[in-house]
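Reader: Hello! I am new to this structure and would love a close look at one part of it, the open sheet and what packs around it. Could you walk me through that slowly?

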Amino acid sequence: MHRAHTIYKTLTGPQGQRMGAWLLTKKSTAPVACAGQQLRVYTTPVTSEPFLNGSSSAYVEDMYNAWLADPSSVHVSWDSFFRNSQEGGPGYQSPPSLAPMGRNEMSIASFLPAVGGGGGGAVGGAISEKTIDDHLAVQAIIRSYQIRGHHIAKLDPLGINSADLDDKTPPELLYSHYNFEETDMDRSFKLPSTTFIGGKDKQLPLREILRRLELTYCRHIGVEFMFINSLEQCNWIRERMETPDIMKISPEQKRLILARLTRATGFEAFLAKKWSSEKRFGLEGCEILIPAMKQVIDRSTDLGVESIVMGMPHRGRLNVLANVCRKPLSQIFTQFAGLEAEDDGSGDVKYHLGTYIERLNRVTNKNIRLAVVANPSHLEAVDPIVQGKTRAEQFYRGDGEGKKVMSVLLHGDAAFSGQGVVFETMHLSDLPEYTTHGTIHIVVNNQVGFTTDPRHSRSSPYCTDVARVVNAPIFHVNADDPESVMHVCNIAAEWRATFHKDVVIDLVSYRRNGHNEIDEPMFTQPLMYKKIKKLKPGLDKYSESLIKEGVVTAAEVKDVKDKYEKICEEAFDNARKETHIKYKDWLDSPWSGFFEGKDPLKVQPTGIKEDTLQHIGKRFSSLPPNAAEFVVHKGIERILKARMDMVGKRTIDWALGEAMAFGSLVKDGIHVRLSGQDVERGTFSHRHHVLHHQNVDKATYKPLSNLYPDQAPYTVCNSSLSEYGVLGFELGYSMTNPNALVIWEAQFGDFNNTAQCIIDQFISSGQAKWVRQSGLVCLLPHALEGMGPEHSSARVERFLQMCSDDPDYFPPESEEFAVRQLHDINWIVANCSTPANLFHILRRQIALPFRKPLILLTPKSLLRHPEARSSFDEMVEGTEFQRIIPEKGPAAANAQGVKKLLFCSGKVYYDFTKARKEKGLEKDIAIARMEQVSPFPYDLVKAECAKYPNAKVFWAQEEHKNQGPWTYVQPRFDTALSGSRDVNRPNATESGGWFSSIFGGRKSAPEPIAPASTETKPRTVCYIGRATAASPSTGSKAQHMKEVAQLMADATALK
């Protein structure tokens, strides 16, 4: 109402009169004369003649002249009109209306009750200017409290800070600002329709209006919502905040809050007593978080929610697991014992672990599923993963409106305002293929970030201001007022259920200890912590208030405390009996039934029938069935025709190979989801999975969604311009269902480094830390093609550096060699050079009896390379992914005479074959393609080198020497060629598992494998490629061409 307030203060009528006087004063319009014209004076006020305009004036003048000549010649209404006008009265008066007034309209008579209240009432039956101005001022005051009341709310339990970092009181919240005096306080004013403070009363004295506004907006709840651009939503919040006695709760509810707060406080006290020197990142100072979360869950389950996915930082995590999820206390206490793990993995600290619980909600008597997603110390990194997991659960449950599955995200104040991934995740909240239909955000606002004061950690007034960008209402609440907190939690749960949009609860609290239990906060916040030491815990305050109210007795309070401590002691005794910890107890995304009944060594075939290839190829290459009405771009028509021609010739290019992999999977009931920037068309305009009508906006056709009537869904969606947030989202999506192929594609491969946190902390190490598998595929366009430093390298060296295989260990050769390697590795890194191999490796992600992330380097110019084609013969039944594609040309027939054996990966193979052909060295140089770089194909490298006993072995790459695969492959080539097997690895058991029982344990000193050749000295691998460099590629086209020429010369040199 700021604009209305401004209008009423500044708007003036004729001669600069105030608004009230202008409305109530009648004055005739001043006569206006034009030069050379006779002045005509109209006595009827123009305001009474709404029909007069330029087009009707001539007609009226004709009627007037006719009336002057003969009054009976015009209709009686005109006769009345002109007679009244001549007498100085209104020409026309509309009849009184019996219809009800519209919304936000009021009769002028409604102001009359104020007349008797003194101070500027009616004079001679007219309403004074002050009466109207005062009523408008009251409306402005009400609106000012709704907009700005949170600035002066008593939110800080310590009483030393303003939550908005500003101690000033906005002047528009002072009644004196509106020229009111003490004598006006008992005057009654009609309440506008935009407030609910009156309840059933339509008018209230000014004193009571101000009192109710203070209680609503300036006590222990400060709400920001008036920026929301929906009147319905604003009124919804007003009603739940302003209605008199809306916050009253029953004694039973108060006792429930007390019991929950007692458990939360007792849990932290028990841990502090038993493990005083252990870091646990306790919740002391904001124990109300536990009752708050339970209240959100209770109200949400009441409203139909059946599953809740939660993400949170480390602070308070153990308490949430114990008292919200009700994870067995003995399992939590065992984590403090320092025991060895019973199962695989390297594990993680206790305050990073997740869990999955299905239990009965005792309050609502409904079953609920709760998952807390495991996360690293990287604050807020878990946010998009939770959203992706939630979206996937909604998708597989057919929950298109988010009524059954919801997400709850917990944040710290400094991280919520400081971490950019929060903004990225927020911006996914309303995108069609990424929305989770509303998330409840709860901020544990300690008013300090580690050691940094808020005034140094953010520029915004509140730590929650990022949420304003998505029109999320924000409820700031004093965490030492449990009943206010519960009220806000109810509103948040109902808001999410009603509008399916995000909402934020800001629990303004404090941190009783330092950043952790062994940290000293007095170094940096001495005054704050002096105050904290003197402050009673929230539980003591609330229990004392309930005792005074007579809701509970002191004995009952003590009894609740003692009972919970006894529960903790019993769990502690049980935990002391354990001899090992079990990582599987902390799994946040269990795949029920996926591993059971499967042969752990059996990979399902990836080749398919030719009829299926033909069907998918033809449907993918065809115009929509209603092609006559669906106008496709001429360029698309040419692309589709070219694809159809290839299918007729039993040949595929890259786009067809990918489409056939996707199409064959959806045929088998496997959901495929492809996400990323511009993936619908493809960065390089090669994919075109969504066809657009050229004349009708938003009319599209997806060929892969229309292959079979009973196929699984195919989702392809352009994402926001985000890597960190979107990759995290897709990882979360992949965690939910193992029988789905989830793919994230980077616009260019090197853009993955913006999502490095997700790659490092979750994808590469997630299984080792949290026994959580994922089959996520990352497509990273990669090749040095003169596009400059930022559009060339996908930085494959970084992914290879994080591979967990031992470069000095040659696994036992057997029929299961390849699948055993895949199981033991943490992820797969590949760089395919043929569409058929792309087809097989994508299908292999689903064919494996387990799940591993796939880092797949994809081509750019190779997408349309005439030699980068595959025959149907390489994809039909009986074919499979080739880890190495050996030399098949003249050199293979001249094995003894081959002088040089090149191993390479990806697109550069085609450059080498062209240079070799130009120099006529096809019999002298053999070139083998390493399609799967990690896990390293020791067996195939050994066999390929054995074919060419007289050849020198080289690894050739287009990347610089300190980049690309070289540093990864060099020691592994040496192991493959020399046969050495040093297996004395300190972490050899980390990636063992059920394979250990199948293959047997690894011996500490096995016999070396016989060398691959009869040479006295073992063969070694040499390097061909660019020299070391800081940048991935030159920005000079001339320099690039010079480097390519040198690379080709080195690769084809026989000396």
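Author: Happy to; here is a walk through the sheet, then the core and its rings.

Please keep in mind that this is a predicted model. For orientation, the protein chain has 1055 residues, and 54% of them count as buried. Its secondary structure comprises 34 helices and 28 strands.

Now to the sheet. Eight strands build it, and it is open, with mixed pairing. Going across, you meet them in the order β5-β11-β12-β10-β9-β6-β8-β7. At the edges sit β5 (221-224) and β7 (355-361), each of which pairs on one side only. From one strand to the next, the twist averages 20°.

One pairing is worth following by eye. Strand β10 (residues 439-445) runs in the parallel sense with strand β12 (residues 503-508), and six bridges join the two. To find the spot, look for I440, which stands opposite V503 in β12. Parallel is one of two options here, because strands of a sheet pair through backbone hydrogen bonds in either a parallel or an antiparallel way.

Next, find helix α12 (residues 383-396), which packs on the sheet. This helix touches β6 (307-311), β8 (366-372), β9 (405-412) and β10. Compared with the direction of β9, that of the helix makes an angle of about 175°.

Let us turn to the nonpolar core. The largest one in the model holds 169 residues. Those touching the most other members are L289, I332, F333, I505, F903 and F973. Helix α16 (residues 482-499) supplies the largest share of this core, eight residues. Apart from it there is another core, of 53 residues, with L741, F839, L842 and F881 among them.

F333 also takes us to the aromatic rings. The whole structure contains 37 aromatic pairs. In one of them, F267 and F333 are stacked, with 6.5 Å centre to centre and 15° between the planes. This pair links distant parts of the chain, since F267 belongs to helix α8 (residues 251-274) and F333 to helix α11 (residues 329-334), 66 residues apart. F267 has 0% relative accessibility, so it counts as buried. F333 counts as buried too, because its relative accessibility is 2%.

Finally, look at F903. Leaving aside residues up to four places away in sequence, F903 touches several others, including I884, V941, W955 and F973. Ring pairs also join F903 into a cluster with F810, F817, F936, Y938, W955 and F973.

Methods: Residues are numbered from 1 along each chain as its sequence is written. This is a predicted model: local features need pLDDT of at least 70, side-chain atom pairs count only at pLDDT 80 or more; totals for chains, interfaces and linings use all residues. Side-chain values use heavy atoms; hydrogens and water are left out. Two strands pair if DSSP finds at least two bridges between them. Helices (H or I, at least four residues) and strands (E, at least two) are DSSP runs, numbered from the N terminus. Axes are lines fitted to C-alpha atoms, for helices over the stretch in contact, and angles run from 0 to 180 degrees between N-to-C directions. Contact means heavy atoms within 4.5 Å. A nonpolar core is a set of buried Ala, Val, Leu, Ile, Met, Phe, Trp, Tyr and Cys residues joined through side-chain atoms within 4.5 Å. Buried means under 20% relative accessible area, exposed over 50%, partly exposed in between (1.4 Å probe, protein chains only). Rings of Phe, Tyr and Trp (its six-membered ring) pair if their centres lie within 6.5 Å; planes under 30 degrees apart count as stacked, over 60 as edge-to-face and the rest as tilted.
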